[in-house]
Amino acid sequence: MDNDSFIRQSELKIGSEVYLLSKRIRSQEQEVTLDVSHMMTLEDELSEEEDQKDSSREAFDANLENHKLSREQREHIRAINVKRKRDFVYLEKVNGEIVNILDGLELHTEVFNAAEQKMIVDKVCELQEKGQKGELKRAFTARGKGRSTIQFGCCFNYRTSKAGNPAGILKHETVDPLPHLFKVIIRRLVKWHVLPPTCVPDCCVVNIYDEGDCIPPHIDNHDFLRPFCTVSFLSECNILFGSTLKVKETGEYTGGSYSLPLPVGSVLVLNGNGADVAKHCVPEVPRKRISITFRKMDELKWPVWYTPEPYLQGIQPLPYELKSSGSSNHQV
């Protein structure tokens with residue numbers, strides 16, 4: 001074989017290898033780009049220090065800079081695509097007057113994608129395990145068909161305790177602070193126009209339901225401001241509303257007027273009549289479920305040891321209008 005033939009054959013071989021290598025790189029880049037676009041998750045928001053620690057990720061992100069949306073753009077797109085329903089109506093006679101008992105109720109769906117939901121559920125399972133080991137200050141399981149709960153940010157009683165402590169915030173009892181992941185969730189809820197910046201939550205309760213568990217009819221204590229919200233994970237369930245809602249001796253609910261499904265990854269905001277006129281309850285759930293209820297304490301009820309969390313100060317909603325969708329029935 002003469003030199004020219006050898007050179008041409010070598011060039012063809014090298015060219016073929018370069019083509020295959022570049023094709024493989026393009027394929028990998030496309031996969032990672034899809035991952036980056038899909039994973040505008042809480043992990044992206046959790047901490048900029050993670051990005052700073054991982055220099056290889058920074059380098060790769062720099063190479064893809066012209067091929068993907070920025071974090072701000074992705075957040076904008078996801079926020080404006082949250083489905084929001086604010087027109088709930090159910091009319092009941094309350095104190096002799098016809099009242100929309102659901103006024104002030106809002107349901108925001110698709111707030112958390114599947115990857116984010118898994119991250120949050122994994123964290124809750126980790127916290128539940130710590131609680132079972134006695135490593136958390138306020139974690140317990142209700143008797144009968146209750147549910148497991150973990151309190152963060154403040155310690156409170158649902159009702160007057162056997163020791164005589166009243167229902168509401170216990171000012172002299174300490175409790176674990178909000179986990180960082182939960183503070184990131186709160187920031188999203190405010191930034192994405194789910195909760196107003198005037199009522200940023202500073203505490204929460206995690207509810208872990210096994211099949212058959214429930215929450216009895218109640219109106220949330222006024223040691224907590226309005227609005228407050230509940231985020232749902234793992235499985236869909238119904239929440240029941242009614243101004244005369246109560247439990248019969250048989251364990252069945254009576255007076256429940258309106259049943260609302262809570263999809264996974266959704267946020268139910270309670271305000272106005274929906275928080276203070278209508279009682280609400282969660283009947284026995286058909287399968288395991290997790291919810292996190294975020295609330296803001298009345299400043300007059302702050303525990304003596306409480307200090308506002310700097311990470312939750314000065315949060316501003318994203319600067320654009322968001323649309324509502326959906327409708328509901330008018331009934332008496």
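**Entry 1: helix 6**

Before checking helix 6, I note that the expected span of a helix is 1.5 Å times one less than its number of residues. I am working on a predicted model here.

Helix 6 runs over residues 114-132, which makes 19 residues. From its first C-alpha to its last I get 27 Å, close to the 27 Å expected at 1.5 Å a residue.

Next I looked up which residues of helix 6 are buried, and the list reads Glu116, Gln117, Ile120, Val121, Val124, Leu127, Gln128 and Gly131. They sit on the same side of helix 6, because they cover an arc of only 130° around the axis. The spacing fits the textbook picture: an α-helix has 3.6 residues a turn, so residues three or four places apart point the same way.

Then I checked both ends. At the start of helix 6, Asn113 brings a side-chain oxygen to within 3.2 Å of the backbone nitrogen of Ala115. Just after the helix, Gly134 has a positive phi of about 80°.

**Entry 2: salt bridges**

I count 14 salt bridges in the model. I went through several of them.

Lys83 and Glu110 pair through their side chains at 3.0 Å, N to O. This one links distant parts of the chain, with Lys83 in strand 1 (residues 83-85) and Glu110 in the loop between strand 4 (106-109) and helix 6, 27 residues apart. Are these two buried or exposed? Neither word fits: Lys83 counts as partly exposed at 42% relative accessibility, and Glu110 counts as partly exposed at 46%.

Glu309 and Lys183 form another salt bridge, at 3.2 Å, N to O. Again distant parts of the chain are linked: Glu309 belongs to the segment after strand 18 (289-295), Lys183 to helix 7 (residues 180-191), and they are 126 residues apart. I noted that Glu309 is partly exposed, with a relative accessible area of 26%. Lys183 has a relative accessible area of 12%, so I log Lys183 as buried, the cut-off being under 20%.

Asp220 and Arg295 meet at 2.7 Å, N to O. Asp220 lies in the loop between strand 10 (215-218) and strand 11 (228-233) and Arg295 lies in strand 18, so this salt bridge ties together parts that are 75 residues apart in sequence. Both partners are buried.

I also found a network of salt bridges that links Arg78, Glu116 and Arg188. Glu116 I had already met among the buried residues of helix 6.

**Entry 3: rings**

How many aromatic pairs are there? I get eight aromatic pairs.

Phe88 and Tyr258 are edge-to-face, with 6.3 Å centre to centre and 85° between the planes. Phe88 lies in the loop between strand 1 and strand 2 (91-94) and Tyr258 in strand 15 (residues 258-262), so this pair ties together parts that are 170 residues apart in sequence. Phe88 and Tyr258 are both buried.

Tyr90 and Tyr258 have ring centres 6.0 Å apart and planes at 70°, so I log that pair as edge-to-face too. Tyr90 is in the loop between strand 1 and strand 2, and the pair spans 168 residues in sequence. Tyr90 is buried as well. Put together, ring pairs link Phe88, Tyr90 and Tyr258 into a cluster.

**Entry 4: charges over rings**

Last lookup for the day. Arg147 lies over the face of Tyr158, 5.3 Å from the ring centre. Arg295, which I had down for its salt bridge with Asp220, has its charged end over the ring of Phe228, 5.9 Å from the centre.

Note on methods
Residues are numbered from 1 along each chain as its sequence is written. Side-chain values use heavy atoms; hydrogens and water are left out. Helices (H or I, at least four residues) and strands (E, at least two) are DSSP runs, numbered from the N terminus. Buried means under 20% relative accessible area, exposed over 50%, partly exposed in between (1.4 Å probe, protein chains only). The arc is that of the directions from the helix axis to the C-beta atoms. A polar contact is a pair of N or O atoms within 3.5 Å; within protein, one must be able to donate a hydrogen and the other to accept it, and residues adjacent in sequence count only if both atoms are side-chain atoms. A salt bridge is a side-chain nitrogen of Lys or Arg within 4 Å of a carboxyl oxygen of Asp or Glu. Rings of Phe, Tyr and Trp (its six-membered ring) pair if their centres lie within 6.5 Å; planes under 30 degrees apart count as stacked, over 60 as edge-to-face and the rest as tilted. A charge sits over a ring if NZ of Lys or CZ of Arg is within 6 Å of the ring centre and within 35 degrees of the ring normal.
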